[in-house]
Amino acid sequence: RIPDNILNRIFSYVCPHATDHSFLTAEETTTEAGCMLCDMRDLAYCGVVCKKWHKVAEPLLYTSIRLDSVHYCGMEEELETRRKRGSIFQKKYEPPMEVPEMRIRLLYRTFQENERIAFLVKFFRVPYMTRETCIADHARLVSLTPELRYCDVADGVFSDDSSCAGLKAILYARCPELRKMTWTTGSEKNFVDLWVQPPWRNLEVVNLASLRVENADLVRVLNSLPALHDLTLKALPWISDTIFDPTPNPTGVFPTLSTLALEDITTVSFNGLKMYLSRSMVSASLTGLTLTHSSVAPHALPHLLAAAVSLESLSYLTTVTRALPTPEPPYIKSKTLKMFRYEIITDISSKALAEPTPSYYSYLASSLLLGSLPALTSLYVREPEFADRL
């Protein structure tokens, strides 16, 4: 007599990772609280109690699938002992199959026998070594899951490696609902051609790393993805401030985002970001910003926060060679900022007599003591003595 929504909530505690609908890899979502394979087994046991429980447990069991290589508990030792005994069904001249590979093939057989279950799968995570070595099995499995939103795949898919051509072709043809994709060095042509006929029009999260693409091509492709809201640009040597030019042009303007990350990009300056934030729609929607080893100086942060009126999360990491210039810039102020990661590192090539970083942390402490960040709930700094400053 328990309502379905209450049963669903109870089962979510039996197998917590079954409710993980994020776009993070298996390594990024690993937890030390319990054994995920045992949790999934317990949820499967719940599904065979009765028809009512099965109706609730089945979608939870197959919507977000995670295949780990081993049990992170004492069960692994017992299973290893059983495997060493062998089986009467295993031929002596056949080498034993790896456990992750066997699990993928068993799951593939399940999807073949029950197409309805295959349509439930939206998130699929596998360990790094499994997705790098079982590419063919992985491709066959993915071909049966047309509703897939996120899938851990081999790195070769992102760089257009020939060994992963079959897997990527299946992702193009059979998985139109993907929400996250990455392009790295070697996939420039594939990326630039996306705007002609995008295979995944519902992409929400895009990561671009070490691509050599022109400003116009980058903006044109990003504008062909109407659902895009989270973008990471890392080490793109050809882009410049002109990608943020708000002037209408045939390729369009840089899309409005909620999360933007610029990593190892020194060709985009503070003026470029200010130009991007000058658009009212952008300043109202941008809630997350990451600047890692960029050309934006620490003393420009107050002006950046003044333009980003809705910013809730800011991650800033840079290296410095000299102390904060005097007089000190305006204090860091924001009424909306909730999470602030502020990491200042001394450049190894610096030959200054005094350590330059303390002046930057002293500047941050002064801003905090003045109450200029009233909404702040989380602060991360790279200075062990920072608490003493407060």
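User: In this predicted model, what is the relative accessibility of Glu 147?
Analyst: The model is predicted, not experimental. Glu 147 counts as partly exposed, because a residue is buried only under 20% and exposed only over 50%. The relative accessibility of Glu 147 is 27%.

User: Which residue meets Glu 147 in a salt bridge?
Analyst: The N to O distance in this salt bridge is 3.5 Å. The partner is buried, with a relative accessible area of 15%. The residue is Arg 149.

User: How many residues apart in sequence are the parts that Asp 20 and Arg 125 tie together?
Analyst: Asp 20 forms a salt bridge with Arg 125, the closest N and O atoms being 3.7 Å apart. Arg 125 is buried at 2% relative accessibility. Asp 20 lies in the loop between H1 and helix H2 (36-46), whereas Arg 125 belongs to strand S2, so the parts joined are separated in sequence by 105 residues.

User: Which residue forms a salt bridge with Arg 131?
Analyst: Arg 131, in helix H7 (residues 128-133), pairs with a residue in the loop between H1 and H2, 104 residues apart. Arg 131 is buried at 6% relative accessible area, while the partner is partly exposed at 40%. With an N to O distance of 3.1 Å, that partner is Glu 27.

User: Which strands stand at the edges of the sheet?
Analyst: The open sheet has three strands in the order S1-S2-S3, with parallel pairing. Each edge strand has a single partner, so one side of each is left without a neighbour in the sheet. The edge strands are S1 (64-66) and S3 (150-151).

Note on methods: Residues numbered from 1 in each chain as written. Predicted model: local features only at pLDDT ≥ 70, side-chain atom pairs only at ≥ 80, totals over all residues. Heavy atoms only, no water. Pairing = 2+ DSSP bridges. Helix = DSSP H or I, 4+ residues; strand = E, 2+ residues; numbered from the N terminus. Salt bridge = Lys/Arg side-chain N within 4 Å of Asp/Glu carboxyl O. Buried < 20%, exposed > 50% of the residue type's maximum accessible area, 1.4 Å probe, protein only.
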